[in-house]
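Subject: Structure handover

Hello,

Here is the structure you were waiting for, with my notes underneath. Please keep it open while you read them.

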Amino acid sequence: MDAPSDLKLRVAALLTARKIRNLNFTVIVLNVALIVFVFLMLDQGPPILRMSRKSEEAIDITDRELKAALARSNEKLTILLMYPERWDANNVMRLPYHCGNCEVSLDKSKVENPSTKALVFNFNDPIKEIAPQTRRRDQYYVWITAESPVALYHLRKMDLKGFDDFFNLTMSYRRDSDVYSPYGTHQQLRSYRKDLPFSDAELDTWVKSKSKVALWVASNCHATKHAVARKDYVMELIKAGLDVELGGKCFQNSAANFRNHKFKFYLAFENAWHCRDYITEKFWHSGLRSGVVPVVLGPPKRDYETIAPSPKSFIYAGDFPTPRHLAEYLNYLDKNDSAYKEYLNWMKTDRKEVKERDRVTGFCQLCRILHGINVDNVYNPDYKAKYKHIPLYQRPEGPRIVYSLNEWFYGSDYKECLGVSGLET
Ligand SMILES: *[C@@H]1O[C@H](CO)[C@@H](O)[C@H](O)[C@H]1NC(C)=O
Ligand SMILES: *[C@@H]1O[C@H](CO)[C@@H](O)[C@H](O)[C@H]1NC(C)=O
């Protein structure tokens, strides 16, 4: 994230823009998704989200126990975002029914309300200064980040050791967070599907309408080791004969000038590589959501495969020995529509086939946790080890504590993420 203040203003503007009470269900779901998304956005400016009122993002809950637990959770609880004062505190967002009964608020005067059960602290704020003087044992303190360990450790020199036993829950794009808050999910992509082709004939038209080969948009070409490396990589692709359009602050060119869907490939290269699950809006929004095949460099392939709509919905650059081999393959796909189309076939999946389709994420999952509904934990790769003592439909008897934020966020990422020595930049 290059411009955190800009980002915060955007979120504030977003909250102000919506006078949120009593909006219809769909709009609220989209707001949640959008706020989480905007909040989580990284280094390339605001995506142009086409918000659709007729979205299909309704969760068809099939689990009887879950339905009963939601019906029981009738007390309205507050999730309080402990973000800076200048944000408009009057804005409140009600979460949709399937999340449990919660509002997400910026109004810090609610901090002592008995119904305020979670305080969310952004990694970037002076957390200990803004936390209440006396701590309530029934409130969860939640640590949220959308950034990679590389950004926190190397760029911002953030020491997380001071937070042992301080937080109750972690919230991030990492699948092993207590609250999983990814940049996108297959389920969310499906909710936009009316903008994407999904019959064979529509897919043919879609592919034929593409007039350009590859797009790369970046605002950061130097801040991290991998920001430099990815630029070199793209330059190698160009030298090898791939037609790449360049955009973003790196090239004095606004990202908004591009109509992504005109391209066959989007180079979704992250500015941190080998970091666990660090897969951003480049993959979800600029690539998949735009009906473009993302070419990826970032975490290991298996991290992509686990969350991607299908193993053949993206191209993993690491599968190719050199940029030249990758360029040749992309040029081959550019010439062969039927081979290219195989990478878009995921768009034809029916919503019913989306695995994890009843799972909720972000504030929605947090709300469920506050109501003692912990079913979404079961998707956590650490499920058995970490949540063994937490019942699915009840608040746990003991406290939930993040014993070492440092050990989790820095220590349990892949070794290569922070550099083998932990000191490389
Ligand atoms: C084009 O792709 C199809 C499907 O992958 C393949 O069967 C065919 O041989 C390819 N054609 C050429 C000319 O490479
Ligand atoms: C949150 O963490 C604090 C500090 O470790 C602990 O005292 C408290 O009981 C925890 N709260 C909950 C609701 O788990």
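A question to begin with: which residues point one way from β6, and which the other way? Leu169 and Met171 take one side of the strand, Thr170 and Ser172 take the other, and all of them are buried.

Before the rest, a word on what this is. The model is predicted. Its average pLDDT is 83, and 81% of the residues score at least 70. Two stretches fall below a pLDDT of 50. One is residues 1-57, which nevertheless has 91 contacts in the model beyond near neighbours in sequence. The other is residues 421-425, with 5 such contacts.

Overall make-up

The chain has 425 residues, of which 41% are buried. It contains 15 helices and 12 strands. Taking the contacts with a separation of 6 or more, 73% are between residues 24 or more positions apart.

The sheet

Strand β6 belongs to an open sheet of 7 strands, in the order β2-β3-β1-β4-β5-β6-β7, with mixed pairing. At the edges are β2 (92-94) and β7 (179-180), each of which pairs on one side only. Helix α13 (residues 362-370) packs on this sheet and touches β1, β3, β4 (116-122), β5 (140-144), β6 (169-172) and β7. The direction of α13 makes about 135° with that of β1.

Some of the pairings in detail:

- β5 and β6 run parallel and are joined by 3 bridges. Val142 has Leu169 in β6 as its bridge partner.
- β1 (residues 77-81) and β3 (residues 102-105) are also paired in the parallel sense, over 4 bridges. Thr78 is bridged to Glu103 in β3, and Leu77 stands opposite Cys102 in β3.
- β2 and β3 pair in the antiparallel sense over 3 bridges. Here Met93 has Val104 in β3 as its bridge partner.

Strand β3 has buried residues pointing both ways: Cys102 and Val104 point one way, Glu103 and Ser105 the other.

Leu81 is in strand β1. Why does Leu81 count as buried? The reason is its 25 C-beta neighbours inside 10 Å, since 20 or more are needed for a residue to be called buried. Leaving aside neighbours within four places in sequence, Leu81 is in contact with Val104, Leu106 and Val120. Leu81 also lies 7.9 Å from Lys108, C-alpha to C-alpha, although the two are 27 residues apart in sequence.

The helix on the sheet

How many of the residues of α13 are buried? The count is 9 of the 9, so α13 is largely enclosed by the rest of the structure. The buried residues are Gly362, Phe363, Cys364, Gln365, Leu366, Cys367, Arg368, Ile369 and Leu370. An α-helix has 3.6 residues a turn, so residues three or four places apart point the same way. Just after α13, Gly372 takes a positive phi of about 75°.

Two backbone angles to look at

Two residues other than glycine have a positive phi. For His274 the value is near 65°, and for Asp277 it is near 60°. His274 is in the loop between β10 (263-269) and α9 (281-287), and Asp277 lies in the loop between β10 and α9 as well. Are these loop residues buried or exposed? His274 is buried, because 22 other C-beta atoms lie within 10 Å. Asp277 is buried too, with 24 other C-beta atoms within 10 Å.

Ligand 2

Which residues surround ligand 2? They are Arg137, Asp138, Tyr140, Asp165, Asn168, Pro399, Arg400 and Ile401. By type, this shell divides into 4 charged, 3 nonpolar and 1 polar.

If you look at only a few places, I would start with helix α13 where it packs on the sheet, then the loop that holds His274, then the residues around ligand 2.

Regards

Notes:
Residues numbered from 1 in each chain as written. Chains lettered and ligands numbered in written order. Predicted model: local features only at pLDDT ≥ 70, side-chain atom pairs only at ≥ 80, totals over all residues. Buried ≥ 20, exposed ≤ 12 C-beta atoms within 10 Å, placed from the backbone. Contact = placed C-beta atoms within 7 Å. pLDDT = per-residue confidence, 0-100. Near = placed C-beta within 6 Å. Nonpolar A, V, L, I, M, F, W, Y, C, P; charged D, E, K, R; others polar. Pairing = 2+ DSSP bridges. Axes fitted to C-alpha atoms, helices over the stretch in contact; angles between N-to-C directions.
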